[in-house]
Amino acid sequence: MIVLKDLLEKIENLSKDVTLIAVSKNVTCTEVRELYEQGQRNFGENRVQELAKKELELQDFTDIKWHMIGRLQNNKINQMISLKPVLWQSCDSFERALEVDKRLSYKLDTLLQINSADEDTKQGVSVANAAEIYERIQSECKNINLKGVMSIGAHVDEPKEVQKSFELTYKIYESLKSKGATICSMGMSSDFELAIKCGSNMIRLGTMLYL
C-alpha cells in the first residue's frame, strides 16, 4: 500500500489543483479502508454492482465520495441512479445521456467521455463531435449536470502519442469552459504525470495505490 502523503506531495509539485480518484476496481473494502484512514475520500468503481457492494459495506464511512468511472450498460442504469454517485465520469454518447436523464429524479453531475485516442477499444464521443454533443446534452437532458470531460490516454508505448490524446481532450475542455466545464479528468497510474502536465485536474489511479 502506497504512502498517500508522499503521492499527494508529488502530485502537488506538478499542479496544485488536481483531485485524486482512487480506483478500487479489483481490490477489497480492506484496501479502501486503508486509503480512507490515510485521508483519501474520492473513490471510483468501474462496475455498478461492485460500487453497490462497496457502498453498502462501507456505509459507515459517510463522507466517501463514489465516482462511477466505467462503461454503463443500459440494464445497470436504474441501479447506478439509485446509488447516487457524486460523479458519473463515463457518459459515452448522447443516447446514453438521454437514457439516464429520463430515469433521473435528481440532477446527476456528469462528465462526457471523449475517445481522443480514436481507438476502437475505447468508449466515448469523437473529438470532432464532442463539443456539439456536450451542448446538446446540456440543452436536452435537464437532469444531466455536465461538469466537464473525461478521457483515457492512448494505449501505446510512444509518449508523444499519449500526450497528443491528452492535448486534444484538454483543448475541448478549454473550449467548453464558457459552457460551465470545470473538470478535465484524464490520467491513470501509467500516465498521470503526463496528463497533469497537459492540463488534467482530476486523475484516476488504481494499480499503483495498492502495490
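**Fold and packing of a predicted chain**

The accessible surface of this predicted model comes to about 10,600 Å² for the chain, and carbon and sulfur atoms hold 45% of that area.

Me: What makes the radius of gyration of the chain agree with that of a compact globule?
Reply: The rule takes 2.2 Å times the number of residues to the power 0.38. For 211 residues this gives a value near 17 Å, and the chain has 16 Å, so the two agree. Along its principal axes the C-alpha trace spans about 40 × 40 × 30 Å.

Me: Which residues of helix α5 are called buried, and what makes a residue count as buried?
Reply: Buried means under 20% relative accessible area. In α5 (residues 94-101) the buried residues are F94, R96, A97, V100 and D101. For the chain, buried residues make up 50% of the 211 residues.

Me: How do you know on which side of α5 the buried residues lie?
Reply: The buried residues cover an arc of only 160° around the axis, and therefore lie on the same side of α5. In general, an α-helix has 3.6 residues a turn, so residues three or four places apart point the same way.

Me: What do the buried residues of α5 pack against?
Reply: Heavy atoms within 4.5 Å define a contact. The partners of these buried residues are the helices α4 (77-83) and α6 (130-140), together with the strands β4 (87-91), β5 (108-113) and β6 (144-150). The chain has 8 helices and 8 strands.

Conventions: Residues numbered from 1 in each chain as written. Predicted model: local features only at pLDDT ≥ 70, side-chain atom pairs only at ≥ 80, totals over all residues. Heavy atoms only, no water. Helix = DSSP H or I, 4+ residues; strand = E, 2+ residues; numbered from the N terminus. Buried < 20%, exposed > 50% of the residue type's maximum accessible area, 1.4 Å probe, protein only. Areas by Shrake-Rupley, 256 points an atom, 1.4 Å probe, with all protein chains shown as cover. Arc of directions from axis to C-beta.
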